[in-house]
Amino acid sequence: MKNKLQLLIWCFTLVGGVLFAQDKQLKKANKKYNNMEYIDALDMYTDLAKSDNATTEVFQKLGDINYFNAKYKDAADWYAKAFALDKNQPADYSFRYGQALKSIGQIEKADTYLNNYYRRNAAKYIPSTSYMSAIEKASGRHAVEKVNFNSKYSDYPAFFNQKQLYVITADQSNKTNLWNGEPASDIYLGSGLDPIGKNINTKYNEGSLVITKDGQTMYFTRNDYIEKKLGTDSQKITRLKLLRSDKVDGQWSKPRDLPFNSSEYSVGHPALSGDETKLYFVSDMPGSKGGTDLYESEIFSDNSYGAPINMTAFNTVGNEMFPFVDEEDTFYFSSNGHPNLGGLDVFYAKTNDDGAFQNIKNIGRPVNSAFDDFAFVTSGGTGYFASNRDNQNDDIYSFNQLQPLEDPCKVRFEGVVSDKKTGEPIPNADVLFINGLLNEVGRVKTDAQGRYGFDDEKCGNVSIIRANEKDYFANEVLVSGEEGGVVSTNVPLNVQRVEVVQEKTDLAIFLNPIYFDLNKSFIRSDAKIELEKVVSIMNQNPNLEVDVRSHTDSRASDAYNMALSEKRNRATIQYLVDRGISRSRLTGKGYGETQLVNHCSNGVKCSDWVHEQNRRSEFIITRR
């Protein structure tokens, strides 16, 4: 994890000043440590540790140097000595010790220290016994192989699409840093490690990047070094910045600073949303939940940027980093705060119907291991990631995806079709299963007891069960189910003869309201089924007059919604007129968002299908 943590300065920068030294050697060691000259500091602290008067601080520093260089066995040994001298260590040491223990397989002991850290940060810790089975169930879906272009230093993939792979590895100089004895890291193109361009790589560290689909814009990570000026924070530490470069005459331009960068904290590891309207990145800026958090910023059409927003659903009291979004808008990232096998694990989250990320899951073995696994990039079922497994430097691994990330979610839908008035089952009725795209994906007949069933249907999305039978109006119900479940939904049907209808009666007792798409007024195909029922009822009752009442959801302004509801009202009435119903028998009005049927008022966050219940036209009998 060497160059990765060199790029992630926030991960190994300790908060607070240097403790008072007891002698000159400790002062010198601390000075080396605070300057991140870890190689020299390690030797000094090791000599101090041999003394009978070795302090807790010496063991802490030795643990930290090994921890930040991914030498977890040595880190665990030194942290153990620190805790033996003083059980009341700062909370961060419980976290680091727990992570080191987990990486060397001491899971039960690791849980004790990690639980202590989470408790002291007022957060809930999930013990390993509660999630290991889920990780194992997710495992085995990738074939993994170490690539043949790793260097003797730390390497990791920076970005990948179907055309190109970008790699982070040591620059070509022989000059090494005093932190881990490796050269600074640069960006290279392809497995041949071709230079990316004279304006990008410097004598300081460059790291993770993302390139727009048109290949014309690149966001990348670099130490705070712009226009040959090296920036430092108030403690004289050089942080990270996120820079932008554009293609000019086939070459990358001199990079530009982004508005939310600062010399006082780090910003890096960029990714773009599928539509390239959001920039995702990692930072330890004030307000972060853990060591490093994931953030998002809106990219406006004039190339300005919105204020960074903390992606709270992803972030923990640990570290989240290395975001990547694939062609299907699956969001990947690495974390040591979510339930993991040890160190950094790769996680992913898919989007729901509203486009929001949901259900963060561990990608499982063999991508993940007990060590640090990170920088996961994928395109078309293949890809790369980095790992320091086998207690080596960070190396790049390639993979092929053998199976979907998740087993298809299946559910059984069943129920009874019955006469709404008598409750008697209706045998031999047609029952259709219609997916969210309004495509028929299943059709069965009810048995002698009116029962129907659809097995192995996709769950999670809202679908439609529609029942038809001669002498009855068709009816449909919305259904949704979770994995491995059975959803029982009865479908009552009204006879096609309306014997008694009273004035002011809402025809919803015979049919469903019709619904509209967001900001639209056209008649959907599913709405046409309900409107055909209205036509049938009015044809059977020639004196019947109906008032059509149209509505919107709460989104947009009141004035806009009132106008939209009028458009929906006119479209609904026109459909009935086109089907032969006299306009004189129809009245109507738009009510905007004034008559919501649920709690989704202004400012209330609801999913789209819940909002949809308000985007409707209803039918009220005014004369019979």
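**Exercise 1.** Find which residue meets glutamate 206 in a salt bridge, and decide whether each partner is buried or exposed.

*Solution.*
Step 1. The side chain of glutamate 206 meets that of arginine 222 in a salt bridge, at 3.0 Å, N to O. The term means a side-chain nitrogen of Lys or Arg within 4 Å of a carboxyl oxygen of Asp or Glu.
Step 2. Glutamate 206 lies in strand E6 (residues 206–211) and arginine 222 in strand E7 (residues 217–223), so the pair ties together parts 16 residues apart in sequence. Strands (E, at least two residues) are DSSP runs, numbered from the N terminus.
Step 3. Glutamate 206 has 0% relative accessibility and counts as buried. Arginine 222 is buried too, at 4%. Buried means under 20% relative accessible area, exposed over 50%, partly exposed in between (1.4 Å probe, protein chains only).

The model is predicted: local features need pLDDT of at least 70, side-chain atom pairs count only at pLDDT 80 or more, and totals for chains, interfaces and linings use all residues. Residues are numbered from 1 along each chain as its sequence is written, and side-chain values use heavy atoms, without hydrogens and water.

**Exercise 2.** Place the salt bridge between arginine 412 and aspartate 455 in the chain, and classify both residues by accessibility.

*Solution.*
Step 1. The contact spans 2.8 Å, N to O.
Step 2. Arginine 412 is in strand E24 (residues 410–419) and aspartate 455 in strand E27 (residues 451–458), 43 residues apart.
Step 3. Arginine 412 is partly exposed at 26%. Aspartate 455 is partly exposed at 46%.

**Exercise 3.** State how many salt bridges the structure holds.

*Solution.* The structure holds 30.

Technical notes:
Helices (H or I, at least four residues) and strands (E, at least two) are DSSP runs, numbered from the N terminus.
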